[in-house]
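Please open the model in your viewer and keep the selection panel at hand. The tour below moves from one selection to the next and says what is there at each stop.

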Amino acid sequence: MANLHFHKKIIILLLFFFFLGRSALYAQAPPPVEQEVTISAQVESVESVEITPSSSSGSGIGIPKTAVQFSGQAYPGATIFVLKGGVEVLSVLADKLGNFSATLPEQYNSTTVYTLFAQDITGNRSLLINYPLVVYIGFLTHLGGIHFAPTIVTDKIEVRIGDYLTAFGYGAPQKDMEAFISGIEKKTFTLASKADGSYRITIPILDLPKGNYTIYIRYAGDSRISKLVKFVIGEANILSTEGVLNIPGDCNSDSIINLVDFSVLAFWYGKSNPSRCVDTNSDNKIDLIDFSILAFWWTG
Amino acid sequence: MAKFLFIFIIFLAGLLYFPAQTLAASVFISTSGTARVGDTFEVLINADTDGEAVNSVNLSLDYDDNLISFAGYKSENTVIELWVDSPHEEDGVLYMGGIIPGGVSGLYDPSKNGLSPIPLARLLFVAKAEGNAKLSFVKTEILKHDGRGSQLVHDEKNGEIMIKSASPEGILGKGENIFDKNSPEPFSLIFLESSLFSETPSIIIFHAQDIDSGIKEYKMKINEGEWKEAKNPQPIPKSIFSREITVRAIDFYGNFQDAGLTVPGFVSIKLLLTIFALLIIAGVFGFKVVKHMV
């Protein structure tokens, strides 16, 4: 009986530590975002601020009274664009390591949607990243740790079975990456970017069945993915330069997804037998899913 | 001992199950809790996506229309940039659907830890009568920002607001529009001409915004014709001559803003004048030739 009592004690103790451990686990779990938002300095007035290398580019301009600062890593030599309410308000250049910092003066207490995207040195863009941010008057709000998924381009839009597909682009320097092919079957490949941020992967198309596929790149273990690039495994090789880029919903083939494409999609919303180019997921109907796919590809 | 082990297993299963439930995404309604008859008040629709990036939503909302009435929406401090279906009421149910190009995972607020819920829509209601007004979701759809439009599994949490008797100031100001006296923001029209093999007709594209109460409707007129209901995008039939198109964006309080555009026809005035001039010249020349021959 005394032995049973001992077992009970052990189990209760185990339960106690198990419960404590789980609570601690959930309490300490990091938020599912990589960015850190901090109010890093309260600025009383323009005059009171000393110009320091970290607070300005050294051009002799102080930090404004209220401001939002974005910093992180893009690609070496990339241009980072900041949009406010969909309108471009600022662009900065990244350094040789891809690091950047952009400071935007603000005036009012508000919740504002800031949109950032990076353009690599060859002109290819990342997807848009939105930051709805609460701005407080008299504070410098710093959003750090921003990173963009790599850019991606493929050499072909159709690949003959037994041939090769090459994907290339830019990312942060010397990072482990993963390339994902998905369609009828899925495959994953690993690669790494060079010191200049460039990467290139040539994939043999041998044992994948014919059909429609997409390829995307991401940093190893990261949740943020590059653009999805469509390609077909078929009978012939068709180079990307010989055809349109086939961006979903881009009916006017200008490689831009904006209000015009949204409006064309809106025209077909709820109508039967939609035009093929607006039916982004080819299910013969225009619904919220088509708008979601368009929003993913949005360039503005 | 066996009984004790059974309780232990049940407890263990509970520990594994319930934390997953509390981490689920949700869409919920926030109100100020109370309002007075005659007041215009805001109802906020938020989404906690559990850190998942989303880019599209479709919502429908039921409410006590004998206690409160829908009076518009605010785009300020919300994230939906483009409405596929702007908030509107049909048979006592509110419908809305829109997209967030680029997607969002949450609201970044430096005064709070982690991500805050995403403010999707800020709806305006007018309190009509005393009582406890309930607002409940009829249908909600949230799509992930994954390039495929995958559904985000989420919970729905309804809201309510207690409507109290009118304040003396409220009675005095009743019936007077003190809420929105401003016109919608200036906007522009884009003409997208249909190509020869396109299945989409020629359309006029527009997107107006009103900070105070939102756009309720659009009207359009061609040249000096009648105002007719319009919707973005508005198909435009082909015409021989060019036309002046005017689109009027009207907010929920009747304030409006106009935008205009000239849509080209098959035949331009210049070409017509040139043909007319050539005909006159040919006629004069022909008359002279005939006269000379006679």
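In which strand of chain A is L90(A) found? The model is a predicted one, and in it L90(A) belongs to strand 4 of chain A, which covers residues 87-93.

**First stop: L90(A) and its surroundings**

Select L90(A) and display its contacts. Leaving aside neighbours within four places in sequence, L90(A) is in contact with I80(A), F81(A) and V82(A), and also with A102(A), T103(A) and L104(A). For one of these partners, A102(A), the C-alpha atom is separated from that of L90(A) by 7.7 Å, with the two positions 12 residues apart along the chain. L90(A) counts as partly exposed because its relative accessible area is 21%, and buried would require a value under 20%.

Now widen the selection to residues 68-127 of chain A, where UniProt, in an unreviewed entry, places the feature "domain: Bacterial Ig". Over this stretch the chain is 62% strand and 0% helix, and the C-alpha atoms at its ends are 21 Å apart.

**Second stop: chain A as a whole**

With chain A shown as a cartoon, you can trace three helices and 17 strands. Of the 300 residues in chain A, 48% count as buried. Chain A exposes about 14,800 Å², of which carbon and sulfur atoms supply 57%. If you draw the contacts of chain A between residues at least 6 apart in sequence, 61% of them join residues at least 24 apart.

**Third stop: helix 2 of chain A**

Select residues 259-268 of chain A, which form helix 2. How many of the 10 residues of this helix are buried? Nine of them are, so helix 2 of chain A is largely enclosed by the rest of the structure. The buried residues include the aromatic positions F262(A), F267(A) and W268(A), along with V260(A), V264(A), L265(A) and A266(A), and D261(A) and S263(A) are also on the list.

To see what covers them, add chain B to the view. The cover includes helix 3 of chain A together with several strands of chain B, namely strand 6 (82-90), strand 7 (93-104), strand 14 (190-192), strand 15 (203-205) and strand 18. Just after the helix, look at G270(A), whose phi is positive, near 80°.

**Fourth stop: the loop between helix 2 and helix 3 of chain A**

Continue along chain A into the loop that runs between helix 2 and helix 3 (288-297), where N273(A) lies. N273(A) has a positive phi of about 45° although it is not a glycine, and it counts as exposed because its relative accessibility is 56%. S282(A), placed in the loop between helix 2 and helix 3 as well, has a positive phi of about 50° and is likewise not a glycine. With 63% relative accessibility, S282(A) counts as exposed.

Next, select C251(A) and C277(A), which are joined by a disulfide with an S to S distance of 2.0 Å. The count over all chains comes to one disulfide. The link is right-handed, with 105° about the S-S bond. It connects distant parts of the chain, since C251(A) sits in the loop between strand 17 (238-239) and helix 2 of chain A, whereas C277(A) sits in the loop between helix 2 and helix 3, 26 residues apart. C251(A) counts as partly exposed at 27% relative accessibility, and C277(A) is partly exposed with a relative accessible area of 34%.

**Fifth stop: the nonpolar cores**

Turn to chain B and select F41(B), I45(B), I68(B), L120(B), L123(B), F125(B) and I163(B), the residues with the most contacts inside the largest nonpolar core, which has 55 residues. Strand 10 of chain B, residues 118-127, gives the most to this core, with six residues. The core draws at least three residues from each of domain 1 (23-172) and domain 2 (190-263) of chain B.

Centre the view on F41(B), which, beyond four places in sequence, touches A35(B), I68(B), I161(B) and I163(B) as well as L123(B), L124(B), F125(B), V126(B) and A127(B). A second, separate core of 45 residues includes V82(A), L133(A), L143(A) and Y199(A).

**Last stop: a cis peptide bond**

Finally, select N232(B) and P233(B), which are joined by a cis peptide bond with omega about -5°. P233(B) is found in the loop between strand 17 (228-230) and strand 18 (234-235) of chain B.

Terms used: Residues are numbered from 1 along each chain as its sequence is written. Chains are lettered from A and ligands numbered from 1 in the order in which they are written. This is a predicted model: local features need pLDDT of at least 70, side-chain atom pairs count only at pLDDT 80 or more; totals for chains, interfaces and linings use all residues. Side-chain values use heavy atoms; hydrogens and water are left out. A nonpolar core is a set of buried Ala, Val, Leu, Ile, Met, Phe, Trp, Tyr and Cys residues joined through side-chain atoms within 4.5 Å. Buried means under 20% relative accessible area, exposed over 50%, partly exposed in between (1.4 Å probe, protein chains only). Helices (H or I, at least four residues) and strands (E, at least two) are DSSP runs, numbered from the N terminus. Domain bounds come from an automatic or database domain assignment. Contact means heavy atoms within 4.5 Å. Accessible areas come from the Shrake-Rupley method with a 1.4 Å probe; for residues, only the protein chains shown count as cover. UniProt positions are given in the numbering used here, feature names are shortened, and annotations may be inferred rather than shown by experiment. A disulfide is a pair of cysteine sulfur atoms within 2.5 Å.
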